[in-house]
Amino acid sequence: MINVTCAIIKINNKILVTQRSEKMKLPLKWEFPGGKLEEGENVVECIKREIKEEINIEIEVVKQLTNSIYNYEIFTVNLIPFLSEYVSGEIILFEHNDYKLLEKSELLQLDWAEADLPIVKEFLKLEL
Ligand SMILES: Nc1nc2c([nH]c(=O)n2[C@@H]2O[C@H](COP(=O)(O)OP(=O)(O)OP(=O)(O)O)[C@@H](O)[C@H]2O)c(=O)[nH]1
């Protein structure tokens, strides 16, 4: 099982979502940006590092949500989500195909990576 952190990032009351590139696993699926936990790293360090590496911004973690464990046949992911706030930096996509800033009510319209769906649903239940 691979441990992967991801961030639900709020920017001006919108939510940042990213689309995986054609070359990545789960091509063109939408996800919350993030990535694999490295040895000796804690989950908060991981998510901040991955967000900087993938989309060039700094974030502040607000709250950890419930992990989503999903079996994709070729691998099983333990996805560890963090509600977070944008702090600084300009969005630059180093790996992803696209990004969107969406209203909460628009989130379910995307073609999500399967592991993200329970996280999207938990997030939608939070009153924010
Ligand atoms: N970052 C991220 N990864 C997710 C999400 N949902 C989900 O199933 N994943 C899976 O978790 C893994 C995250 O790893 P990653 O983004 O660092 O890795 P990758 O696929 O670019 O690298 P790899 O192809 O070298 O394994 C991916 O295989 C991806 O399919 C998500 O919301 N965010």
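On a 1 Å grid over the protein atoms alone, a pocket is an open set of points with protein on both sides within 12 Å along at least five of seven lines. A molecule sits in such a pocket if more than half of its atoms lie within 2 Å of its grid points. In this predicted model, local features need pLDDT of at least 70 and side-chain atom pairs count only at pLDDT 80 or more, while totals for chains, interfaces and linings use all residues. Residues are numbered from 1 along each chain as its sequence is written, and side-chain values use heavy atoms, with hydrogens and water left out.

**The ligand site**

The largest pocket is the space taken by the ligand. Elements are DSSP runs numbered from the N terminus, with strands (E) of at least two residues and helices (H or I) of at least four. Those that give two or more residues to the shell around the ligand are β1 (2–11), β4 (34–36) and β7 (76–88). The most is given by β4, with three residues.

There are 18 residues around the ligand, of which R20, F32, K36, Y72 and D116 come nearest; a residue is near a molecule if one of its heavy atoms lies within 4 Å of it. By class, the shell comprises eleven nonpolar, two polar and five charged residues. Here Ala, Val, Leu, Ile, Met, Phe, Trp, Tyr, Cys and Pro count as nonpolar, Asp, Glu, Lys and Arg as charged, and the others, Gly among them, as polar.

The table gives polar contacts of the ligand, a polar contact being a pair of N or O atoms within 3.5 Å.

| Ligand atom | Protein partner | Distance |
|---|---|---|
| Oxygen | R20, side-chain N or O | 2.7 Å |
| Oxygen | K25, side-chain N or O | 2.7 Å |
| Nitrogen | F32, polar backbone atom | 2.7 Å |

Taken alone, the ligand exposes 610 Å², and the protein buries 83% of that. Accessible areas come from the Shrake-Rupley method with a 1.4 Å probe.

**Q19 and K63**

Q19 belongs to strand β2 (residues 14–19). Q19 counts as buried because its relative accessibility is 12%, buried meaning under 20%, exposed over 50%, and partly exposed in between. The Q19 side chain reaches the backbone oxygen of L28 at 3.0 Å and makes a polar contact with the side chain of N97 at 2.9 Å.

K63 lies in strand β5 (residues 58–64). With 41% relative accessibility, K63 counts as partly exposed. Between K63 and E50 there is a separation of 13 residues in sequence and 17 Å in space, C-alpha to C-alpha.

How values were computed. Polar contact = N/O pair within 3.5 Å; in protein donor to acceptor, adjacent residues only side chain to side chain. 1 Å grid on protein atoms, 1.4 Å probe; cavity = no way out; pocket = protein on both sides within 12 Å on 5 of 7 lines; lining within 4 Å. Buried < 20%, exposed > 50% of the residue type's maximum accessible area, 1.4 Å probe, protein only.
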